[in-house]
Amino acid sequence: MKSRTQEQIAELSIPGGWKWENVTIADHSWRLLLPADADAFLKDGPAMEEWPDPFWAELWPAAKTMAAILLAQPWPAETKVLELGCGNGFVGLAAAARGWPVTFSDYVPFAVELSLANARGNGYENVTGEVTDWWRPTADHAFERIIVCECLYDPELHVPLLNTLRARLRPSGQVWLCDPGRGGMAELFLREARDQGWQGTQFDERLQPKSELPRGEFRLIQLQ
C-alpha cells in the first residue's frame, strides 16, 4: 500500500481536481483532502477505467452523523475497528480520534490510500489500510467493531457485505452500519441479515430503537 501524504496526493491530477475541507464535530476538527467534484468521475470515461467505483470520492451526508455517534461511544481503548467501504475515510477518522486502532478498507486501492493520508495528516498513526473484495473475504475474525457508512445503495451488495462481516467480525463483536434511508435499501438489508441468523436492531440518530423509520431519515443498524 502506497503511503503518500495529503500534500503529495493533492498534486495528482484527477477529474474535477481537489479541495481542502475543514470539518468540525463536537470538539473534534479535521482537515480533509477530498475530490472537488465527485460527479466528475461519472462524466469522465477514462476515469471510470482507473477508478471503477466513483462513490469513494463523496463525503456522504450520513457520515457526519455517524461520526458524531462514534465520538460519543465508551468503547474500550484497544477496540479494533474496521471500516468497510471507507471512501475518503471520514468515519474512520472519528474512530481514530477516540484512540481506537482503525483499519481502512475499500475495493478501490486509491480510496484506502487517501483515507490513510487523511488520517495521518490529522495526526493519527494507529491506522492501517487494506484493499478488500467483498466477494472474496478473508476469514480472520479480527475485529471487535466493524463500521460501514452508506454502502447499501445496491441490493446486489447485501449478501457479499454480510459474508464479509461474518468473516471479519469476532464472535463477540458488533457491526455498526449507517444509512440515510435511501430507497428502502436498509430495510432490505436488515431483512436479509435476519434471514441469515444475525441479530439486528435499527436506531435513529439519537440511538433510540425504531422498528420503522421514514425514508430519507438517518438510521443506524447494529448487527451481532
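A residue is called buried here when its relative accessible area is under 20%, and that cut-off underlies much of what follows. The model is a predicted one, and helix α5, which spans residues 90-97, is a useful place to enter it. Eight of the eight residues of α5 are buried, so that the helix is mostly covered; the residues concerned are F90, V91, G92, L93, A94, A95, A96 and A97. After the helix comes G99, a residue whose phi is positive, near 90°.

Seen as a whole, the chain contains eight helices and nine strands. Its radius of gyration is 17 Å, close to the 17 Å that the globule rule gives for 224 residues, and the chain is therefore as compact as a globular protein of that length. Taken along the principal axes, the C-alpha atoms fill a box of roughly 45 × 40 × 35 Å. Of the 224 residues, 53% count as buried, while the area that the chain exposes comes to about 10,400 Å², with carbon and sulfur atoms supplying 48% of it. Among the contacts between residues at least 6 apart in sequence, 67% join residues at least 24 apart. As for charge, the chain carries 21 positive and 31 negative side chains, and the centres of these two sets lie 5 Å apart.

One residue that brings α5 together with a strand is W30, which has its place in strand β2. With a relative accessibility of 2%, W30 counts as buried because this value is under the 20% cut-off. Its contacts, leaving aside neighbours within four places in sequence, are with E21, N22, V23, I25, L71, F90, L93, A94, A97, N122 and Y124; among them, F90, L93, A94 and A97 also appear in the list of buried residues of α5. The C-alpha atoms of W30 and A94 are separated by 9.3 Å, although the two residues are 64 residues apart along the chain. The side chain of W30 is also joined to that of Y124 by a polar contact of 3.0 Å.

Helix α4, made up of residues 61-71, has A62, A63, M66, A67, I69, L70 and L71 as its buried residues. The cover over these residues includes the strands β1 (18-25), β2 (28-35), β6, β7 and β9, together with helix α5. L71, one of the buried residues of α4, is also among the contacts of W30.

The loop between β3 (81-84) and α5 holds N88, whose relative accessible area of 3% places N88 among the buried residues because it is under 20%. A polar atom of the N88 side chain lies 3.0 Å from the backbone oxygen of E58. Not counting residues up to four places away in sequence, N88 touches L34, W56, A57, E58, L59, L114, S115 and N118.

A comparable arrangement of side chain and backbone involves S105, which lies in strand β4, residues 102-106. S105 has a relative accessible area of 0% and is therefore buried, and a polar atom of its side chain lies 2.9 Å from the backbone oxygen of E83. Beyond its neighbours within four places in sequence, S105 is in contact with L82, E83, L84, G85, C86, V112, E130 and T132.

Further along the chain, G181 lies in the loop between β7 (169-179) and α8 (185-195). Although G181 belongs to a loop, it counts as buried, because its relative accessibility of 6% is under 20%. Leaving aside neighbours within four places in sequence, G181 is in contact with R215, G216, E217 and R219. The C-alpha atoms of G181 and R219 are separated by 6.7 Å, with their positions 38 residues apart along the chain.

Two further loop residues deserve attention for their backbone angles. H141, found in the loop between β5 (127-131) and β6 (143-149), has a positive phi of about 45° although it is not a glycine, and with a relative accessible area of 39% H141 is partly exposed. L207, in the loop between β8 (200-203) and β9 (219-223), likewise is not a glycine and has a positive phi, of about 60°. L207 counts as partly exposed at 28% relative accessibility.

Conventions. Residues numbered from 1 in each chain as written. Predicted model: local features only at pLDDT ≥ 70, side-chain atom pairs only at ≥ 80, totals over all residues. Heavy atoms only, no water. Helix = DSSP H or I, 4+ residues; strand = E, 2+ residues; numbered from the N terminus. Buried < 20%, exposed > 50% of the residue type's maximum accessible area, 1.4 Å probe, protein only. Polar contact = N/O pair within 3.5 Å; in protein donor to acceptor, adjacent residues only side chain to side chain. Contact = heavy atoms within 4.5 Å. Rg over C-alpha atoms; globule rule 2.2 N^0.38 Å. Areas by Shrake-Rupley, 256 points an atom, 1.4 Å probe, with all protein chains shown as cover. Lys, Arg positive; Asp, Glu negative; His and termini not counted. Charge placed at Lys NZ, Arg CZ, Asp CG, Glu CD.
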